[in-house]
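User: I would like to go through the labels used for this model and see what each one rests on. Please set the values against the criteria.

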Amino acid sequence: MAKMVLLPVLLSFLLLPLASLALTQDFCVADLSCSDTPAGYPCKSSVSANDFYYHGLAGKGKINPLIQAAVTPAFVGQFPGVNGLGISAARLDMEVGGVVPLHTHPAGSELLFVTQGTVAAGFISSGSNTPYTKTLYAGDIMVFPQGLLHYQYNAGTGPAVALVAFSSPNPGLQITDFALFANNLPSAVVEKVTFLDDATVKKLKSVLGGSG
């Protein structure tokens, strides 16, 4: 019994040096010449103020004609200064009728701040498949928990713009439609797992650039 009581105390003392080491390092600007790892990029040896600055969200992103929207990221790959800090950002531009289809960010939660226009947004819980939806206006924010399917679309009569914060320097992105129809997964398999008919699957594969 005494050993069982002492074990957590011993583990705490073993972890203290690691916690102290983490606290004494102010930052770790990503060395993008190296490969990313589950713990992030290795640290760059030479750092300047420019590593902590990014101008890429100042202007409108390049609109994708299919979804009539643009997502401009400021993830670690574009903004090395966020490496190891547990944060990143993006800008969302949507034309009238623009949509960001159902998607997930496997590695981070999302906070959306609408700066212009009207945005309809929502997410679906993983247990009960309950949808949580809201119409957002300039000045509104909405949070999307990590890994849950969510969407945004322009619900107004003019362009919509939003700034986005993530709880990860590299939150990841998987768009459901593209995952299903923009690859070479055989149509027969897609039909089986989605309950869609052959004509619909082939049409969506054609639109999204898939094959099979």
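Analyst: This is a predicted model. Strand 4 (residues 110-116) pairs with strand 9 in the antiparallel sense, over six bridges.

User: What makes strand 4 and strand 9 a pair?

Analyst: Two strands count as paired if there are at least two bridges between them. Strand 4 and strand 9 have six, so they pair. One position to look at is valine 114, which stands opposite alanine 162 in strand 9.

User: With which other strand does strand 9 pair?

Analyst: Strand 2 (residues 88-94) pairs with strand 9 over seven bridges, again antiparallel. Here valine 164 of strand 9 is the bridge partner of alanine 90.

User: Why is strand 9 called largely enclosed?

Analyst: Strand 9 covers residues 160-166, and five of its seven residues are buried, so the rest of the structure largely encloses it.

User: How do you know which strands are at the edges of the sheet?

Analyst: The sheet is open, has five strands in the order 1-2-9-4-7, and is paired antiparallel. Strand 1 and strand 7 (141-144) each have a single partner strand, so one side of each lacks a neighbour in the sheet; these are the edges. Ignoring direction, neighbouring strands of this sheet are turned by 20 degrees against each other on average.

User: What joins strand 1 to strand 2?

Analyst: Six bridges do, and the two strands run antiparallel. In this pairing valine 71 stands opposite leucine 92 of strand 2.

User: What makes the side chains of strand 8 alternate?

Analyst: In strand 8 (residues 150-154), His150, Gln152 and Asn154 point to one face and are buried. Tyr151 and Tyr153 point to the other face and are not buried.

User: How many bridges join strand 8 to strand 3, and how many to strand 5?

Analyst: Strand 3 and strand 8 are joined by three bridges and run antiparallel; histidine 103 stands opposite histidine 150 there. Strand 5 (residues 118-124) pairs with strand 8 over five bridges, also in the antiparallel sense, with alanine 120 opposite tyrosine 153.

User: Why is threonine 104 called buried?

Analyst: Buried means under 20% relative accessible area. Threonine 104 has 13%, so it counts as buried. The residue lies in strand 3 (residues 99-104). Apart from neighbours within four places in sequence, threonine 104 is in contact with Gly147, Leu148, Leu149, His150, Gly172, Leu173 and Gln174.

User: What makes lysine 44 and aspartate 51 a salt bridge?

Analyst: The cut-off is a side-chain nitrogen of Lys or Arg within 4 Å of a carboxyl oxygen of Asp or Glu. Lysine 44 and aspartate 51 meet at 2.8 Å, N to O, so the pair qualifies. Lysine 44 is partly exposed at 29% relative accessible area, while aspartate 51 is buried at 9%.

User: How do you know that both residues of the salt bridge between aspartate 93 and arginine 91 are buried?

Analyst: The relative accessibility of aspartate 93 is 4%, and that of arginine 91 is 13%. Both values fall under 20%, so both residues are buried. Their side chains meet at 2.9 Å, N to O.

User: Where do aspartate 198 and lysine 202 lie, and why are they called partly exposed?

Analyst: Both lie in helix 4 (residues 198-208), four residues apart, about one turn of the helix. Partly exposed covers the range between under 20% and over 50%. Aspartate 198 has 35% and lysine 202 has 44%, so both belong there. They form a salt bridge with the closest N and O atoms 2.7 Å apart. The structure holds four salt bridges.

User: Why does phenylalanine 27 count as partly exposed, and in which patch is it found?

Analyst: Phenylalanine 27 has 39% relative accessibility, which is neither under 20% nor over 50%, so it counts as partly exposed. The residue is in the loop between helix 1 (2-24) and strand 1 (69-74). With Val47, Phe52, Leu85 and Ile87, Phe27 forms a nonpolar surface patch of about 410 Å² accessible area together.

Notes. Residues numbered from 1 in each chain as written. Predicted model: local features only at pLDDT ≥ 70, side-chain atom pairs only at ≥ 80, totals over all residues. Heavy atoms only, no water. Buried < 20%, exposed > 50% of the residue type's maximum accessible area, 1.4 Å probe, protein only. Contact = heavy atoms within 4.5 Å. Patch = residues over 30% accessible without salt bridge, like charges linked within 9 Å, V, L, I, M, F, W, Y side chains within 5 Å. Areas by Shrake-Rupley, 256 points an atom, 1.4 Å probe, with all protein chains shown as cover. Axes fitted to C-alpha atoms, helices over the stretch in contact; angles between N-to-C directions.
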